[in-house]
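The following exercises ask the reader to work through a protein model with a bound ligand. Each task is followed by a stepwise solution.

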Amino acid sequence: MSERICRRCLLRDVQDAALYQTIRDYVENLPAEQKADAEVYESRLRVCRACDSLTNGMCALCGCFVEARAAKKALYCPKVPAMW
Ligand code: SF4
């Protein structure tokens with residue numbers, strides 16, 4: 001059976017509950033001073049959802065799970081020019 005590939009899906013949309021929980025735990029445990037606020041986080045994820053580089057929650061340009069990358073205030077989209 002082939003693996004399910006979901007273009008423009010976040011990890012939260014993919015059926016891998018254990019992996020999603022790992023990413024959620026990572027985000028929840030980020031120190032407050034490093035964490036993007038909730039509005040910025042969701043805004044970043046909306047941009048990722050509309051991006052051709054997103055597959056199964058992972059950005060093809062940087063290899064990050066975007067739900068983890070977008071959670072860190074100081075990080076940015078790796079596309080040139082950056083989309084967030
Ligand atoms: S290129 Fe930027 S907008 Fe696209 S998936 Fe990667 S981080 Fe998200």
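**Exercise 1. Determine how the shell around the ligand divides by residue class.**

Solution. Step 1: the shell is listed by proximity, a residue being near a molecule if its C-beta atom, placed from the backbone, lies within 6 Å of it. The residues surrounding the ligand are Val47, Cys48, Cys51, Ser53, Leu54, Cys59, Leu61, Val66, Cys77, Pro78, Lys79 and Met83.
Step 2: classes are assigned, with Ala, Val, Leu, Ile, Met, Phe, Trp, Tyr, Cys and Pro as nonpolar, Asp, Glu, Lys and Arg as charged, and the others, Gly among them, as polar.
Step 3: the shell therefore holds ten nonpolar, one polar and one charged residues.

A note on the model: it is predicted, local features need pLDDT of at least 70, side-chain atom pairs count only at pLDDT 80 or more, and totals for chains, interfaces and linings use all residues. Residues are numbered from 1 along each chain as its sequence is written.

**Exercise 2. State the confidence of the model and find the elements with the lowest and highest mean pLDDT.**

Solution. Step 1: pLDDT is the predictor's confidence in each residue, from 0 to 100. The protein has a mean pLDDT of 92, and 96% of its residues reach 70 or more.
Step 2: among the elements, the lowest mean, 91, belongs to α1, and the highest, 98, to helix α2 (residues 38-49).
Step 3: a rule of reading applies, namely that predicted coordinates should not be read in detail where pLDDT is low.

**Exercise 3. Describe the fold and assess how compact the protein is.**

Solution. Step 1: elements are DSSP runs numbered from the N terminus, helices being H or I of at least four residues and strands E of at least two. The protein contains three helices and two strands.
Step 2: along the sequence these follow the pattern α-α-β-β-α. The radius of gyration, taken over C-alpha atoms, is 13 Å, close to the 12 Å given for 84 residues by the globule rule (2.2 Å times the number of residues to the power 0.38), so the protein is as compact as a globular protein of that length.
Step 3: the C-alpha trace spans about 45 × 30 × 20 Å along its principal axes.
Step 4: contacts are pairs whose C-beta atoms, placed from the backbone, lie within 7 Å. Among contacts between residues at least 6 apart in sequence, 59% join residues at least 24 apart.

**Exercise 4. Which residues make up the largest nonpolar core?**

Solution. Step 1: a residue is buried if 20 or more other C-beta atoms lie within 10 Å of its own, exposed if 12 or fewer, and partly exposed in between, with C-beta atoms placed from the backbone. Buried residues make up 18% of the 84 residues.
Step 2: a nonpolar core is a set of buried Ala, Val, Leu, Ile, Met, Phe, Trp, Tyr and Cys residues joined through C-beta atoms within 7 Å. The largest one has ten residues: Leu10, Leu11, Ala36, Cys48, Leu54, Met58, Phe65, Val66, Ala70 and Ala71.
Step 3: leaving aside neighbours within four places in sequence, Ala71 is in contact with Val27, Leu30, Lys35, Ala36 and Tyr41.
Step 4: Leu45, in helix α2, is in contact with Leu10, Val66, Glu67 and Ala70 when neighbours within four places in sequence are left aside. Leu45 counts as partly exposed because 19 other C-beta atoms lie within 10 Å.

**Exercise 5. Place Leu61 and explain why it counts as partly exposed.**

Solution. Step 1: Leu61 is in the loop between β2 and α3.
Step 2: it counts as partly exposed because it has 13 C-beta neighbours inside 10 Å.
Step 3: Leu61 and Pro78 are 17 residues apart in sequence, with their C-alpha atoms 6.5 Å apart in space. Apart from neighbours within four places in sequence, Leu61 is in contact with Ser53, Pro78 and Lys79.

**Exercise 6. Locate the cis peptide bond between Val80 and Pro81 and the positive phi angles of Arg8 and Asn56, giving omega for the bond.**

Solution. Step 1: the bond from Val80 to Pro81 is cis, with omega near -5 degrees, and Pro81 lies in the segment after α3 (66-69).
Step 2: Arg8, not a glycine, has a positive phi near 60 degrees and is in the segment before α1 (17-28).
Step 3: Asn56, also not a glycine, has a positive phi of about 50 degrees and sits in the loop between β1 (54-55) and β2 (58-59).

Conventions:
Two residues are in contact if their C-beta atoms, placed from the backbone, lie within 7 Å.
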